[in-house]
Amino acid sequence: MTRSADRARELVELLRGHGARVRLAPLLEAALPRDTGPVAALVDRAAEPGPAARTWLVVTSVNTVRALRAVAGDPAEPALGDRLAAARRAGLRVAAVGDATAAALTAAGLPPDLVPGTAHSATGLLADWPPEPAPGTILLPLSARARPVLETGLTARGYRVLTATAYETVPWPATAPLARTAAADGVAGRPDGRAAELHRSDLLTVLAAGEVDAVVLTAPSHLAELVGGDPSVLAGTVLVAIGEPTRRAAADRGLRAVAAARPSPEGICDALLRALADREATVRAAPRAPAPGPAAAAPPATRSTAAPTTPIPTTPIPTTEETNSVTHRTPRYDLVSRPRRLRTTPAVRRLAAQTRVHPSDLILPVFVREGLAEPAPLGSMPGVVQHSMDSLRRAAAEAAAKGLGGFMVFGVPAERDPEGSAGCDPEGILNRALRAVRAEVGDDLVVMADLCLDEFTDHGHCGVLAADGTVDNDATLEVYGRMAVAQAEAGAHVLGPSGMMDGQIGVIRSALDEAGHSDVAVLAYSVKYSSAFYGPFREAVDSQLRGDRRTYQMDPANRREALHELQLDLDEGADMVMVKPAMSYLDILRDVAEVSPVPVSAYQISGEYAMIEAAAANGWIDRRAAIQESVLSIRRAGADSVLTYFAVELADWFRDENGLS
């Protein structure tokens, strides 16, 4: 049990009633942060009666309750409820992420007003959050390891969210834990009566020796602390997860765990009983190799139970010739569940597929260069060209005929200047191209325009420069506003601002609305990283860039910043959002997709395209399979649409594979 004795007591008693011998391995422990000032200030804010009528206190764990009680007074008394009593009378509401947290709040004198009835998680709480005409303030104390799901989700609904670190999780045993570990009755212990709590190294030893039948995983962080970089330490062991997030964390490491229906002692106990019973049935059904010697060893006996229900085996299963070399345990063969049944034929695989790439999910990026009579191939991007105006029209007609979702146009002018004037010129190459494409396809294809100055400036930056050579953010915004109106008047359905200037979406939205183009949508390049994979694109637009764009594009080291940028663009009126690049930022794409209330796009950029083409040209990979897998991975990570130079081929393959040719 990866939980300390004080948290495990009730579950230990239930398991003991079924004859189990329980050993505890806490792994991590909660402790107050070094600086408790921010969480103390959050408690002070919650106690203010004045703004209480429009304020929620949202609590996401029992440890958070303990931390709040610790900063409010004596944790053994309902001092927290007394502290917030006046605010509660004035309308302060309290939300709990699940039943255990609700019970802890009630014990602290703060019975919650909201507990999710669906999943006991941040996502479940958001799903059950009540609609409010005038969202107010959210007070959100959190673990130092908490993901920003609630913060981002509630902010997107209009709330002002104030957060503070309530506690940290540190390796067990902590010097000053939030809750002192107490011996749990019925837990196998030492002669001094203290609970038998194992250090991680001891737990690894007993796992390897086959002395453990099952492990109860009580948090994703505990799982990570236990396995480190080697999930095989749990191979062959029955795993029961406290809930779906922990089960997913196990699955991400290639481990199969059974999730409890509810994260309560009863729910965990039921899941454990079922999992062990299934394992026992499988082991009994599997053929056993005879033991060496004149007589085979007797099968292991299960422990007797005071209450005759499904027994839990506590004796290690003897090893056979099939013994797993890592854990020295007999591997389990689950003959009831055979996932391979859904992989037997292409038709079955299509039926069972959880993610698909449809032509309408794809956006084709194209380049049109001023002065060309014929398309010009790009050396770094085999198969991609700089279009002439005529070939651009043909490409647009083909994209519409093949059912693509969008057609993103980039312009390459013959002349450039420091302000990128050609980008705003109604007769500039990009705006003439947009008119030509719109005339060709009308509304049969979503016509999209790249809104940025890097193609049009003689210095290659995405904005105008200040006297010191840096990009002037606010001066650039004024140009973006004029550029947006010019592209809308040229016929673009969707504008894609890609410059990563602060405030660009708000300025563009205002400029469009004031010019009467309120129906033109904005696809915000909300999360655009400074990447080494943009190289071939520089050839495609004949970039004049000297230096880099790190002062305005995002740092690849930053993850949480992506959700901050997302929220800013949503607040400014983005209709859709984008993550760029795609393949090397699938984790970011997943984060954005989980919380975005608007459609999410991702850009499979030039360097990603070029790498696949180069590897395929050398015979190192199967080109078609690699293309399909790469774009499928982007969709699977959460993209509703994908910008990819492979869009036309993918559409053809989709038709072939689905009998539509």
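# Exercises on a predicted model

The structure holds 21 salt bridges. Keep in mind that this is a predicted model. Let's work through some of its features together.

## Exercise 1: A bridge across the sequence

Find the partner of Asp113 in a salt bridge, and work out which parts of the chain the pair ties together.

*Solution.* Start with the distance: the closest N and O atoms of Asp113 and Arg88 are 2.8 Å apart, and the two form a salt bridge. Next, place both residues. Asp113 sits in the loop between α6 (99–107) and α7 (122–127), while Arg88 belongs to helix α5 (residues 85–90), so the bridge ties together parts that are 25 residues apart in sequence. Finally, check the exposure. Asp113 has 47% relative accessibility and counts as partly exposed. Arg88, at 22%, also counts as partly exposed, because buried means under 20%.

## Exercise 2: A second pair

Locate the two ends of the salt bridge between Arg432 and Glu370, and classify the exposure of each.

*Solution.* The closest N and O atoms of this pair are 3.2 Å apart. The bridge links distant parts of the chain, with Arg432 in helix α15 (residues 429–441) and Glu370 in the loop between β9 (362–369) and β10 (376–377), 62 residues apart. For the exposure, Arg432 has 27% relative accessibility and is partly exposed. Glu370, at 28%, is partly exposed as well.

## Exercise 3: A bridge at the cut-off

Decide whether Arg550 and Asp548 are buried, partly exposed or exposed, and give the N to O distance of their salt bridge.

*Solution.* The side chains meet at 4.0 Å, N to O. The cut-off is within 4 Å, so keep that value in mind when you read this distance. Arg550 has 62% relative accessibility and counts as exposed, whereas Asp548, at 39%, counts as partly exposed. For a case with further members, look at the network of salt bridges that links Arg147, Arg559, Arg590, Asp591 and Glu594.

## Exercise 4: Unusual backbone

Which residues other than glycine have a positive phi near 70 or near 60 degrees, and where is the cis peptide bond?

*Solution.* Begin with the usual case: most residues other than glycine have a negative phi, and most peptide bonds are trans. Leu27 has a phi near 70 degrees. Leu27 lies in the loop between α1 and β1 (28–31) and is buried, at 5% relative accessibility. Met500 has a phi near 60 degrees. Met500 is in the loop between β14 (494–497) and α17 (504–514), and at 7% relative accessibility it is buried. The cis bond joins Lys580 and Pro581, with omega about -5 degrees. Pro581 falls in the loop between β16 (576–580) and α20 (586–595).

## Exercise 5: Charged patches

Name the members of the negative and the positive surface patch, and assign elements where you can.

*Solution.* Glu10, Glu13, Glu266 and Asp270 form the negative patch. Helices come next: α1 (5–17) and α12 each supply at least two of its residues. Glu10 is in α1 and is partly exposed, with a relative accessible area of 43%. The positive patch consists of Arg338, Arg340, Arg341 and Arg343. Arg343 is in the loop between α12 (265–285) and α13 (346–352).

## Exercise 6: The whole chain

Give the overall counts of helices, strands and buried residues.

*Solution.* The protein has 23 helices and 18 strands. Of its 661 residues, 49% are buried. Among contacts with a separation of 6 or more, 71% join residues 24 or more positions apart. The protein exposes about 29,400 Å², and carbon and sulfur atoms supply 51% of that area.

Methods:
Residues numbered from 1 in each chain as written. Predicted model: local features only at pLDDT ≥ 70, side-chain atom pairs only at ≥ 80, totals over all residues. Heavy atoms only, no water. Patch = residues over 30% accessible without salt bridge, like charges linked within 9 Å, V, L, I, M, F, W, Y side chains within 5 Å. Areas by Shrake-Rupley, 256 points an atom, 1.4 Å probe, with all protein chains shown as cover. Lys, Arg positive; Asp, Glu negative; His and termini not counted. Charge placed at Lys NZ, Arg CZ, Asp CG, Glu CD. Helix = DSSP H or I, 4+ residues; strand = E, 2+ residues; numbered from the N terminus. Buried < 20%, exposed > 50% of the residue type's maximum accessible area, 1.4 Å probe, protein only. Contact = heavy atoms within 4.5 Å.
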